[in-house]
Amino acid sequence: MNHPERRLLIAVDMERYSRRGNRHQYEAQQAFQQVLHEAANAVGLDRVQWKTQQAGDGELAILPPDVREPLLLGRFVPELNRILRAYNSSRIPEARIRLRVSIHQGLVHLDGANGFPGHAVIEVCRLCEAKPLKQALAQFPNAGVGLIVSSDIYRDVVTEYPEELRPDRFRRVEVRHPDKEFRESAWICVVDEDLRPSRTGLVEGGEDRPDGGSPARRRGPRNPRNPSGPGNGAIHTGDVRVDGANAIGHGTTAIGSVGATPISGGAGLE
């Protein structure tokens, strides 16, 4: 047994692969290899040097020691997304290719008898199957790539050498696979999309819940004048919600908003 080597790892899976018919699976596999090679060539990466472990719907790759992490994160991933968006633009939904990509680094044995032994390999594969990543990608039907990176990759690479990726577009999540006794923090983004919680409903730090449910949404503090309503200063009367400065009583005036529309005038609330 040779000593393990510290390498950069990338796992890639196709979305909804198992739901395709035989012919569409065959075509998807061909397109999968084509877009990976095209993206790698475009940024100067030689995929021939990658050590890969194939699956029908994706692959695990151990990269050469001289691959620069900012190049893989900040240029290869955005290029892969651009190629996929162009590829998908002229195809029916059933024939489109959308990818989940996970990136991690760690010690790995390159001489395994049936793959690549190492905890880093297990982690990068678990991250690629994270439910928060699947949920995030599903919210953007025109996106090509949903990306998840381990906490150390986010800290050391994304925040320091982002290249074409924006660190503010990433969101922290807890990835859980209870049946495999796996739980780790990670960071996700959907390339060229905005994952801010106010726009998607995703919560920073949202968990892949053991019961299979969606991450809980963040709730505002309860208003003591209206315990059932979220947010300070919010008043709920039937279907009416008033935020901000307000007054309650017969013949009084409410100044605030109903939903997102400002109102000012006699509200007639009692």
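The structure holds zero disulfides, a disulfide being a pair of cysteine sulfur atoms within 2.5 Å. In general, a disulfide is a covalent bond between the sulfur atoms of two cysteines. The sulfur of Cys125 has its closest cysteine sulfur in Cys128, 7.4 Å away, which is too far for a bond. With 31% relative accessibility, Cys125 counts as partly exposed, whereas Cys128, at 1%, counts as buried. Here buried means under 20% relative accessible area, exposed means over 50%, and partly exposed lies in between (1.4 Å probe, protein chains only).

This is a predicted model, in which local features need pLDDT of at least 70 and side-chain atom pairs count only at pLDDT 80 or more, while totals for chains, interfaces and linings use all residues. Residues are numbered from 1 along each chain as its sequence is written, and side-chain values use heavy atoms, with hydrogens and water left out.

The chain has six helices and 14 strands. Helices (H or I, at least four residues) and strands (E, at least two) are DSSP runs, numbered from the N terminus. Of the chain's 270 residues, 46% count as buried. The chain exposes about 14400 Å², and carbon and sulfur atoms supply 47% of this area; accessible areas come from the Shrake-Rupley method with a 1.4 Å probe, and for residues only the protein chains shown count as cover. Contact means heavy atoms within 4.5 Å. Among contacts between residues at least 6 apart in sequence, 62% join residues at least 24 apart.

Helix H2 covers residues 69-88; at 1.5 Å a residue, its 20 residues should span 28 Å, and its end C-alpha atoms are 27 Å apart, which agrees. The expected span is 1.5 Å times one less than the number of residues. H2 bends by about 30° at Phe76, and Pro78 follows within four residues. The bend is the angle between axes fitted to the seven residues ending at a residue and the seven starting there. Because 15 of its 20 residues are buried, H2 is largely enclosed by the rest of the structure.

The largest nonpolar core has 43 residues, and those with the most contacts inside it are Ile10, Phe76, Leu80, Ile103, Leu147 and Val149. H2 gives the largest share of this core, nine residues. A nonpolar core is a set of buried Ala, Val, Leu, Ile, Met, Phe, Trp, Tyr and Cys residues joined through side-chain atoms within 4.5 Å. A second, separate core of 15 residues includes Leu127, Ile148, Val173 and Val190.

Leaving aside neighbours within four places in sequence, the contacts of Leu147 include Leu73, Val77, Ile103, Phe170 and Trp187. In helix H5, Asp152, Ile153, Tyr154, Val157 and Val158 are buried. The buried residues of H5 pack against S1, H2, S4, S5 and S7.

Two residues other than glycine have a positive phi, as the table shows.

| Residue | Phi | Loop | Relative accessibility |
|---|---|---|---|
| Arg16 | near 55° | between S1 and H1 | 48%, partly exposed |
| Glu181 | near 55° | between S6 (171-177) and S7 | 78%, exposed |
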